[in-house]
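Visitor: Could you take me on a close look at the inside of this protein, with its aromatic rings and any enclosed space? I'd like one connected walk through that part.

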Amino acid sequence: MRVDGEHRFDLSRSVMWEHLLNPESLQGAIPGCTAFEEVAPETWELTAQVGVGPVRGTFTGRVELRDREPESRYTLIASGQGRPGGGQGEAVINLTDDGDGTHLRYEADVTVRGAIARVGGRLLTASARTMARQFFDAIEKEAKTATERSAAR
């Protein structure tokens, strides 16, 4: 399944790059994330409570960043497994300047199996886009809060 989309942040590319790679920001922004632990450089294992349509469960997985081009792009490799099934995917994240903000574009190829795969492509795609939007909104909120704290000092 192919999922792509875009998001505009009201913060600079350098600020968003920092938060998109910061483990604390990532943990707080991943929907349903209850654990996020670095196991190697730029590689984390996580646990998350996730729901896709009527299929809900606890998933454990791994996230790895590769092919970093500072403040421009990286590839995110992810895999996860839980009682309702599992999946794996690869997403390319691109950042560009957009006025005084940042434009992010992502393109992902995802493979799912188990009960999740039986939900149906349309619902899976909609759920993936919703989770991506929640993630990017949460990352931006965290980045704005951190920026405001720094400015107040």
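Guide: Let's start with a cut-off we will need: a residue counts as buried when its relative accessible area is under 20%. Please keep in mind that this is a predicted model.

With that in hand, look at Phe-36, which has a relative accessible area of 13% and is therefore buried. Trp-44 is buried too, at 3%. A search of the whole structure finds five aromatic pairs, and Phe-36 and Trp-44 form one that is stacked. Their ring centres are 5.5 Å apart, with 20° between the planes. Planes under 30 degrees apart count as stacked, so this pair qualifies.

Now turn to another pair, Tyr-106 and Phe-136. Here the ring centres lie 5.7 Å apart and the planes meet at 45°, so the pair is tilted. Tyr-106 belongs to strand β7 (residues 101-114) and Phe-136 to helix α3, so the pair ties together parts that are 30 residues apart in sequence. Both rings sit on buried residues: Tyr-106 has a relative accessible area of 9%, and Phe-136 has 6%.

These two residues also have aromatic company, since Phe-9, Tyr-106, Phe-135 and Phe-136 form one aromatic cluster. If you centre your view on Phe-136 and leave aside residues up to four places away in sequence, you will find it touching His-7, Phe-9, Leu-20, Leu-104 and Tyr-106.

Stepping back, we come to the largest nonpolar core, which has 35 residues. Phe-136 is among those with the most contacts inside this core, along with Leu-20, Leu-104 and Phe-135. Helix α3 (residues 121-152) supplies the largest share of the core, six residues.

Our last stop is the enclosed space you asked about. Searching the whole structure turns up one cavity of 30 Å³ or more, and the largest cavity has a volume of about 1200 Å³. It is lined by 41 residues, of which Leu-76, Ala-78, Val-110, Ala-128 and Met-131 are the closest to its centre. Strand β7 and helix α3, which we met through the tilted pair, each give two or more residues to this lining. So do β3 (43-52), β4 (55-69), β5 (73-82) and β6 (85-98). Sorted by class, the lining has 30 nonpolar, nine polar and two charged residues.

Definitions and conventions:
Residues are numbered from 1 along each chain as its sequence is written. This is a predicted model: local features need pLDDT of at least 70, side-chain atom pairs count only at pLDDT 80 or more; totals for chains, interfaces and linings use all residues. Side-chain values use heavy atoms; hydrogens and water are left out. A nonpolar core is a set of buried Ala, Val, Leu, Ile, Met, Phe, Trp, Tyr and Cys residues joined through side-chain atoms within 4.5 Å. Buried means under 20% relative accessible area, exposed over 50%, partly exposed in between (1.4 Å probe, protein chains only). Helices (H or I, at least four residues) and strands (E, at least two) are DSSP runs, numbered from the N terminus. Contact means heavy atoms within 4.5 Å. Rings of Phe, Tyr and Trp (its six-membered ring) pair if their centres lie within 6.5 Å; planes under 30 degrees apart count as stacked, over 60 as edge-to-face and the rest as tilted. On a 1 Å grid over the protein atoms alone, a cavity is a set of points where a 1.4 Å probe fits but cannot get out, and a pocket is an open set with protein on both sides within 12 Å along at least five of seven lines; lining residues have an atom within 4 Å of a point. Grid points are joined across faces, edges and corners, and a volume is the space filled by probe spheres set on the points. Ala, Val, Leu, Ile, Met, Phe, Trp, Tyr, Cys and Pro count as nonpolar, Asp, Glu, Lys and Arg as charged, and the others, Gly among them, as polar.
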